[in-house]
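Dear colleague,

I am passing on the structure we spoke about, and below it I have set out what was found. Please read the notes with the coordinates open beside them.

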Amino acid sequence: MQLTANEVLHIFHRDEISLFLGAAFATVGLVSFGLLIIRRKFDALLFWLALFAILYGGRLWMHTDLMLLMVPPSDFFDRLKAAADFTVAIPAFFFFKATGFLGRLGDFVAYIAGSLLLLLLLAAVGGAPLTRLYQANSIIVISALMLLIVQTFRAPIRTKDFLVIRSGLLIFIGFALWNNINNLLGFHPGIEKYGFAIFLACLGYAAARHLLERDQQLDEIQKELDVAKRIQLSILPGEFPASANFRVAARYVPMRSVAGDFYDFLIADDKQAGLLIADVSGHGIPAALIASMVKLAASSQRAAVHNPSELLTAMNSTLCGNTQNQFVTAAYVHLDAERRELRYAAAAHPPMLLLRNGRVMQIEENGLMLALFPSASYTSAVQALQPGDRVVLYTDGIIEAADTSENQFGLERLANLLRESAGYTHMEVVDHIMTSIQNWAATQEDDLTAIVCDFVGVTQV
């Protein structure tokens, strides 16, 4: 029979609520699946909710009169609708199991109800009488929902969100029971979809509250991180004081708000410079806390600042047993303008670089990392100090910075960088190092710290 445009429009208006809700439910399901993909971690609650919502929305569309205009009535289509009707409750019961509302009976209800509904689906596809199958479906659903009501009231109210979700669930169960009981009596009220809409609205409300609370928590955490960052920056020294012999510049670029890199000037005057650099394993707040301990360990050994090996040995004794199995790499150089001499010792740290007359030398005198081995000892390397020498200390984030092809910046590139920038001032060269690393690296995967010290070699009067 050919329908007029007004008749088609009338059918559309009669179905528009079901069409709208079907699209809305399916959208909720697709968004849930999207969240699963973004998280890259399986979540049973999200998975079954997504499947439930998509199937429920599709079933609503299949039962509209508008669908009948597009798909002529046939036994195949009737059985397809029946298969959708029997299938939609399967993810529903597994969703209720995942919520915990079914309690200890969750597995029993979900698997028994799911198995029975799956048998109905197979029977519908196999040609069994649909009237009997719909009656069996209603009986299975009613029985499972009654059990769900009992288990829902047994569940203790843990939070306000739990109470809201439980209220929405009970409303949905009420609508579903009414719908299925009427189906057994031969009536088809079709009001269950409103209950499902209320239930999803309650879930959405609880999710929105949770997101709002999490945002507030994240704001508080960010404020605390900002305070921690200011505190950590306060333990780093200011500029190296004006000196007739030494020009020192340091740069520190943490990967996160706070970091495990640390540096200090243990001696800073005209005649001597004592430069310490350290790198705590790990990142973030734990590493930053241990970096504070490194400062205390170094500051408490002022008597050993003229002897790098003694300083590191004493720091190791102080740190051992206090770092929760995290370790520290460190390097310390003592420069003496009167003796024209530098002494250097390190604990599993990248080698110090010395630029002299256009040539870059690696100075390495490594012992074990700090904080792990109480009996560890260290030795010092001694080098003559010449006017114009440039000493560079750095953490491994500098040489391990990787580009998009995962090629590390490396010691050789850093040495070339020093040679090419020999005419730069100490401040210019340390800035140049940081800029070069940041331009090289695809992303910053570690903290970056560098110290540059130029020995001017002015004769003291």
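I begin with helix 5, in which Gly106, Val109, Ala110, Ala113, Gly114, Leu117, Leu120, Leu121 and Ala124 are buried. These residues lie on the same side of helix 5, because the arc they cover around the axis is only 120°. Please keep in mind throughout that the model is a predicted one.

The buried residues of helix 5 pack against two other elements, helix 4 (75–99) and helix 6 (130–154). On the face turned away from that buried side, helix 5 carries the exposed residues Phe108, Leu119, Leu122 and Gly126. As to its geometry, helix 5 runs over residues 106–126, which makes 21 residues, and its first and last C-alpha atoms are 30 Å apart, close to the 30 Å expected at 1.5 Å a residue. The residue that follows helix 5 is Gly127, and its phi is positive, near 100°.

For the chain as a whole, the secondary structure consists of 13 helices and eleven strands. The radius of gyration of the chain is 36 Å, whereas a compact globule of 461 residues would have a value near 23 Å. The C-alpha trace spans about 110 × 50 × 35 Å along the principal axes of the chain. Of the 461 residues, 46% are buried, and the accessible surface of the chain comes to about 23300 Å², with 60% of it belonging to carbon and sulfur atoms. If one takes the contacts between residues at least 6 apart in sequence, 70% of them join residues that are at least 24 apart.

The remaining notes concern charged pairs. Side chains of opposite charge can pair when their charged atoms come close. With a cut-off of 4 Å between a side-chain nitrogen of Lys or Arg and a carboxyl oxygen of Asp or Glu, the count comes to 13 salt bridges.

Two of the pairs described here belong to helix 8. The side chains of Arg209 and Glu213 form a salt bridge with an N to O distance of 3.2 Å, and both residues lie in helix 8 (residues 192–235), four residues apart, or about one turn of the helix. Arg209 is partly exposed, at a relative accessible area of 26%, and Glu213 is likewise partly exposed, at 34%. Glu220 forms a salt bridge with Lys223, where the closest N and O atoms are 4.0 Å apart. Glu220 and Lys223 are separated by about one helical turn, because they stand three residues apart in helix 8. The relative accessible area of Glu220 is 44%, which means that Glu220 is partly exposed.

Which parts of the chain does the salt bridge between Lys271 and Glu338 tie together? The side chains of Lys271 and Glu338 meet at 3.4 Å, N to O. Lys271 lies in the loop between strand 2 (261–268) and strand 3 (272–280), while Glu338 lies in the loop between strand 4 (328–336) and strand 5 (341–347), so the pair ties together parts that are 67 residues apart in sequence. Lys271 is partly exposed, with a relative accessible area of 40%, whereas Glu338 counts as exposed at 54% relative accessibility. Finally, Arg59, Asp85 and Glu192 are joined into one network by salt bridges that share partners.

With best regards

Technical notes:
Residues numbered from 1 in each chain as written. Predicted model: local features only at pLDDT ≥ 70, side-chain atom pairs only at ≥ 80, totals over all residues. Heavy atoms only, no water. Expected span 1.5 Å × (residues − 1). Buried < 20%, exposed > 50% of the residue type's maximum accessible area, 1.4 Å probe, protein only. Arc of directions from axis to C-beta. Contact = heavy atoms within 4.5 Å. Rg over C-alpha atoms; globule rule 2.2 N^0.38 Å. Areas by Shrake-Rupley, 256 points an atom, 1.4 Å probe, with all protein chains shown as cover.
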